[in-house]
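Reader: I have a chain open here and want to go through its pockets and sheets. Can you walk me through it?

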Amino acid sequence: MAATVFPVLAAALGACTPQQTPQPRLANLSHLNSLYEDIKIDGRPMAIIHIYSEYPDYQWVDDSDEGIACVDDAARAAVVYLRHFELTGDSANLRRCRSLIEFCRYMQADDGLFYNFIFPDHAINRDGPTSRKSLGWWTARGVWALAEGYRIFRDRDPAYAGLLQQHLHKTFGHLDTLLQRHPTIDTIKGFPAPRWLLHNAAGDATSELVLGLAAYYRATAEPRVKAYLEKFGEAFVAMQAGDRNHFPFGAILSWQNVWHGWANGQTQALATIAALLQREDFLAAARREAEFFYPYLQQQGFPREMEFRRDGNRVHAVKIDRFPQIAYALRPMIVGALRVAESTGDPRFAVRAAELAQWFFGENAAGAHMYDPPTGRGFDGILSEKDINRNAGAESTIEALYTMLELEANPVARRKLWERSAARQPPAAAQKHTGRAAPGKML
């Protein structure tokens, strides 16, 4: 693996000089396309993304309890296809994106909330704990996909964009109810817990909702949505702990007294909406996490999760879990650093994003490549220093591709990737390649 990936990486990146505006080459959508399937439900055309794909043949694998496909993956894949279309003009990916958005729209109930999974016969899984309709993870991601779709289709197909807008407004009523809790902040285990977030103080899940709302606000400047963004942003800032000189160095907590990497996209969200709303306090919080906490995580080998305790003004880590490490934990950091670079105009954060991205190319605890440019597979995780999961399910592949697209879209990050790949030596550590069943999706 080491002998094949980095020459490919170097060749792909080196094909353009740093001064050119290159087409994305690391972001190979082949494996994602292999997980994509056009279907019809009750005569309605739409598309799904199959959830698991296992080593060594990478055929589709269903989940016997949850189903074959879900909004969680379809929505994020739609975002990736849209981003790829924006960068390349590839109309085939615009069509795929629209079909995936149609699946998300089908999975939205009349009251505006989303179900998550469908079974092999395409029936909706209405009762499973990871699928029943709720104002949570899959509704946040459904809103993200519909909002990005609205932004892209507004000029290309106004009638379709109007339909997406109607579906988004169905969900907004639930946000109005949720935000009636603003500005109540509880204290749980010594840390602030804003009550107006999803799942009663979950900054991680809410960050994905905010990315969608930001896309919609960027297209509409709707005052109602501006108010949503301001209140959610204030909650993220309230959940930040520490600073340059005090542990945990500006970490924005995921929930209560816990930080974990996966889905913790508050810095990505804050840096995005700071530019839209002209909120210096939002940008300062995002910059603080990217400047001080991300390097700490890199030095510590990218731990999976940390649990904190507060003693007076001091914060201590009382539990640190190192594994498993997954692509979904790296994307929020890397794209977050890129958004900080864009919003501050400081190229050091783009360099930092490229350095964090080395996790995908062997600078990790296992010395393993976790993204394969020739196939476009994002592998399912690092289980230990000597054991990786070589399955390539939808979530890992989507998160890896989204990361690659954003890195390549930034000329400073792209140039840094090239420099690092050119200087790299093959990793010395040998790792065991595990083809076991995927450990389950991260909600």
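Reader: What volume does the largest pocket have?
Author: The largest pocket of this predicted model has a volume of about 440 Å³. A pocket here is an open set of points on a 1 Å grid over the protein atoms alone, where a 1.4 Å probe fits, with protein on both sides within 12 Å along at least five of seven lines. The volume is the space filled by probe spheres set on the points.

Reader: Which residues are closest to its centre?
Author: E148, R151, R218, T272 and R339, out of 19 that line the pocket. Lining residues have an atom within 4 Å of a point.

Reader: How does the lining divide by residue type?
Author: Into 9 nonpolar, 2 polar and 8 charged. Asp, Glu, Lys and Arg count as charged.

Reader: Switching to the sheet. What is the strand order?
Author: 11-12-13, an open sheet with antiparallel pairing. Strands are DSSP runs of E, at least two residues, numbered from the N terminus, and two pair if DSSP finds at least two bridges between them.

Reader: Why is one side of strand 11 left without a neighbour?
Author: Strand 11 (258-260) stands at an edge with a single partner strand, so one side has no neighbour in the sheet; strand 13 (314-321) is likewise at an edge.

Reader: What stands opposite H260?
Author: E305 in strand 12. In total, 3 bridges join strand 11 to strand 12.

Reader: What is the average pLDDT?
Author: 92 for the protein chain, with 90% of the residues at least 70; pLDDT is the predictor's confidence in each residue, from 0 to 100. Residues 1-21 are below 50, and so are residues 426-443. Where pLDDT is low, the coordinates should not be read in detail.

Technical notes
Residues numbered from 1 in each chain as written. Predicted model: local features only at pLDDT ≥ 70, side-chain atom pairs only at ≥ 80, totals over all residues. Heavy atoms only, no water. Helix = DSSP H or I, 4+ residues; strand = E, 2+ residues; numbered from the N terminus. Contact = heavy atoms within 4.5 Å.
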